[in-house]
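Colleague: I should be grateful for a close look at one part of this model, namely the place where two of its chains meet. Please also set that part in the context of the chain that contributes to it and of the charged pairs elsewhere.

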Amino acid sequence: MSTVVLLLITGVGLGAIYFLVASGLSLIYGLMGVLNFAHGVFLTFGAFLGWEVAARMGATTWAGFAASLLVGALAGAVFAALTERFLVQRLYERHIEQVLITVGLALAVVALFDGIWGTDARFISGPPWMSRTTTIAGANVPNDRFVAIVLAVVVLVAIVLFLQRTRYGMIIRAGVENRSMVTALGIDVRTAFTLIFTIGGAAAGLGGVLASHAFGYVSPMLGQTLLIFAFIVTVIGGLGSLTGAAIASVLVAVLQQFANYYWGYGDFAVVVLLAVVVLTRPSGLMGKKVTA
Amino acid sequence: MTSSPPSRDAATVGAGPTARPTAPVLLVRDLQAHVAGQQVVEHVDLQVAPTGVTALLGRNGVGKTSTIKAVMGLIGRSGTIELDGEDISTLPTFRIAGRGVGYVPEDREVFSGLTVTENLRLAERRGSEHRYDLVYELFPELEQRGAQAAGTLSGGQQQMVSLARALLNDNRVLLIDEPTKGLAPRLVTEVAEALARAAEVAPVLLVEQNLQVVRDLARHVVVLTDGRSVHHGDASDFLDDPVATQRLLGVHGGTDPAGAA
Amino acid sequence: MTDADIGTDRRRQAVRVLLPLGLVVLLACLPLLDISVPGILPGATYTPGTLHLLALAWVMAAVALSYHLLFGVAGLLSFGHALYFGLGAYGLGIVMRELQLGLVPAAVLTLVVAVVMSTVLGAVSLRVTGIPFAMVTLAFAQAAYVWVRRDPERVTGGEEGLRLPTEFVPGFLVGVADTRNLYWLALAVLVLAYLLTAWVQNSRAGHVAEAVRENELRVRVLGMQPVLVKLAIFVSASVIAAMVGMVHLLLNSGAVPHVMSAEFTISLLLMVVLGGVGSRWGAVAGAILYVLLNQRLTVLAGGAWVESLPAVLRIPLSEPLFILGTLFVLVVLFLPGGLAGTVARVTARSRDRRGDDGPDRRPHPPAAEEPEADDVPQRLEVT
């Protein structure tokens, strides 16, 4: 029983990190038709800058941790906004070239991170409470998972409120459905493109800091590894669907945890799930619609 | 350029520039358009009179919708497109709409995940007054159903949302593509009434298969065949000419009020 | 058509056959010659180091051709092509060692596995199109990558990689002294891959695939099954990749997990885009450029003069992939059509200057000068 609870909660915690990466990916794809290979780089950049800040302010203090979250989100947001504005937007409406640009950027920037921070993983530490465990139903759950879950829920609620309550949110929801009709109403969707990259980048940067705590290290490949699972999550959840991304994140991560524990092949279970979804529901669990 | 049909008086209203008071609000000359490398509009000349309805007619697949989309900048195009004398042929779509071109697409294209109210709010353009009074007077249902997701509306109601989005703003011209397509006869009448009101607010370029609606509303017609404009003229003269309507539309405009719908 | 025109046509035809043939003969003679190209090749052409580098370039060019078939011809953006290359490399080694088979029977068996696997996985992946297809192919390849790295069955050698079981390989293909033979093998596989690619491209399936890329609906109206055609191209490309992967195993005396990674597929994408999407010669040239550049940049990164630079310059310059990635971004932004497109543009321009308005096929104008047109080949659309 305690094992099941542990796997379940750590799975949801991992799902929270997947969601932070996948939410941006899914919205970017839904609105712009771009598969953003550079999304992992936003995450890694956030994780490294967050780590640098925490190290300077005292990695084991709460202030240092809070600052690393803030800086991580900010770093991801700024990097993403610049990427959209100066690279992706130059190739407006040319989706494949946009994908290629993000592939090239990811390659170059990961190499640059290698050069700056070295290829070896940096082991990190946070406030002591984070690495302790809390006992729930007999299971000793690492506290950092709770932080990840809470923050992912906060991000989810924030994005939903943004999409539902603001004019730009409305433009993004409409644009995911039918971008050309939005422009035919006199709206310049390019602003919405930059905005969605910025939001996605911020979530990824935040996810980077949380992932580095959950895994205990940060390395230049951190984002690339998570990116592949985030891709799988977005396909399973339905490209462009925020709710789908949230459900699929948890589904994939929990499945992965259980399969890893009982069978040893968590990654395969995820790929099999992907194959099953693609065969039975090619448009994913929630299809192409932002229902929030 | 324009080869006129053999009817007696069809060529009386030519494609050339007219005197100031009746200067066209929208002037299209030698328009070509393509979709995915495929030429869909070969050569279209047309002008929309500063008041009333100008109908764009032709059989299915002759390029009526493509012509409208090309004017909106939604597909690749070349040629002259002037709005009140200003060249808009190279502007991006959102700027064309921003210059005061209202667009009601063929398949309504309401945002089905957004509520009716949100669909209208999205259409609010900066620098324009927003005529909710007019919209809700024409379509009271939209006010009642404001909180309903547009995707759950009936086809007729969706058409109202689509028309309302265009009527909400102060537009210089409205491009309305097959507003009665697939609607029940009762709704056709309702939409036609709304179109008549719309034409009082701004001049309309209307694509319409229902020739009775055209007869009731339109003053001028432009007829396309195979991506080319082949006839310009007075609406009732054209519709009363069984030879011309048979040849260009495949119907007897004078005898069949249901038209090709 | 005048006699002179026919003459020119014949001459062109002859040039088109003889030029590549002469080039292959010349390349085949390289191990017997003593040619030095300082700055590009690490040593004289007969030295094992240079031969190995060139052989690697031919192998990568061959696998890039198979990727060209997928991406350039059928418009299938796959991020999992490394799976089949890796399948060839690992599969051949594992089959030889585990089943105690000789090189040829093991290679045949591996190819059969490649056909079956690419048919099954291709059929699943092709349920979705465009970007989702890219993600699904990536996921399959990633699963295989994780498998060879973790090595749960103790057959792939894990992170260390698989060692070539030399006892099953004919002696003339083993060892540094025989790099020459491996060089010839690599060249042969490149020629074979080129001919196969050209054959598939000119086959009915190839033509239909290109038509599908342009307009899927039109093909469906003509009563053809776009999915089956795409699957045929997918399987062909995968099998060619597996074949080349086997040569890669022999050439490197082993296989490492990298050959199955997403990075490997991305490097293929880089080669094809650098060379010019849709061009066979472009794919070959792009791959050779990539391999040589990667090698030279690695040498450069280790150079003493780079060490002496300030960090702002030293860090980017010491990362070959940073330079390659940046180059790639610049090509996508400013050189649509890559090398092949640029060459076509330059020759078209010089021909225009000479006023030669012959009836030969003109390359399309560059996409950059015609932003609105959507039928320019450099404008990539994926089905």
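Modeller: The account below starts with one chain, moves to its interface, and ends with the salt bridges.

The model is predicted, and the values that follow are computed from it. Chain A is a convenient starting point. Its secondary structure consists of 12 helices and 4 strands. The radius of gyration of chain A is 18 Å, close to the 19 Å that the globule rule gives for 292 residues, so chain A is as compact as a globular protein of that length. Along the principal axes, the C-alpha trace of chain A spans about 55 × 45 × 35 Å. Of the 292 residues in this chain, 61% count as buried. The contacts within chain A can be described by sequence separation: among those between residues at least 6 apart in sequence, 77% join residues at least 24 apart.

The interface itself is formed by chain A and chain C. Chain A brings 41 residues to the contact and chain C brings 44 residues. Between them the two chains bury about 3800 Å², and 81% of this area lies on carbon and sulfur atoms. On the side of chain A, the residues that lose the most area to chain C are A:I96, A:L100 and A:L107, which together account for 16% of what that side buries.

Polar and charged interactions across the interface can be listed briefly. The rule finds 2 residue pairs in polar contact between chain A and chain C, counting pairs with both residues at pLDDT 80 or more. The count of salt bridges between these chains is 1. In a salt bridge between C:R150 and A:D267, the closest N and O atoms are 3.3 Å apart. Three helices of chain A, α4 (95-117), α10 (222-237) and α12 (266-280), each supply at least two residues of the side that touches chain C. The largest share of that side, 15 residues, comes from α4(A). By class, the side of chain A that touches chain C has 30 nonpolar, 5 polar and 6 charged residues.

The wider set of charged pairs gives the context requested. Side chains of opposite charge can pair when their charged atoms come close. Over all chains, the count comes to 19 salt bridges. One of them joins A:D144 and A:R145, with the closest N and O atoms 3.1 Å apart. A:D144 counts as buried because its relative accessibility is 11%, under the 20% cut-off. A:R145 is likewise buried, with a relative accessible area of 16%.

A second pair in chain A has another setting. The side chains of A:D188 and A:R190 meet in a salt bridge at 3.1 Å, N to O. Here A:D188 is partly exposed, at a relative accessible area of 23%, and A:R190 is partly exposed at 29%. In chain C, the side chains of C:E98 and C:R97 also meet in a salt bridge, at 3.1 Å from N to O. C:E98 counts as partly exposed at 43% relative accessibility, and C:R97 counts as partly exposed at 27%. Chain B offers a network: salt bridges link B:E106, B:D107 and B:K181.

Key. Residues numbered from 1 in each chain as written. Chains lettered and ligands numbered in written order. Predicted model: local features only at pLDDT ≥ 70, side-chain atom pairs only at ≥ 80, totals over all residues. Heavy atoms only, no water. Salt bridge = Lys/Arg side-chain N within 4 Å of Asp/Glu carboxyl O. Buried < 20%, exposed > 50% of the residue type's maximum accessible area, 1.4 Å probe, protein only. Contact = heavy atoms within 4.5 Å. Buried area = accessible area lost by both parts, 1.4 Å probe. Polar contact = N/O pair within 3.5 Å; in protein donor to acceptor, adjacent residues only side chain to side chain. Nonpolar A, V, L, I, M, F, W, Y, C, P; charged D, E, K, R; others polar. Rg over C-alpha atoms; globule rule 2.2 N^0.38 Å.
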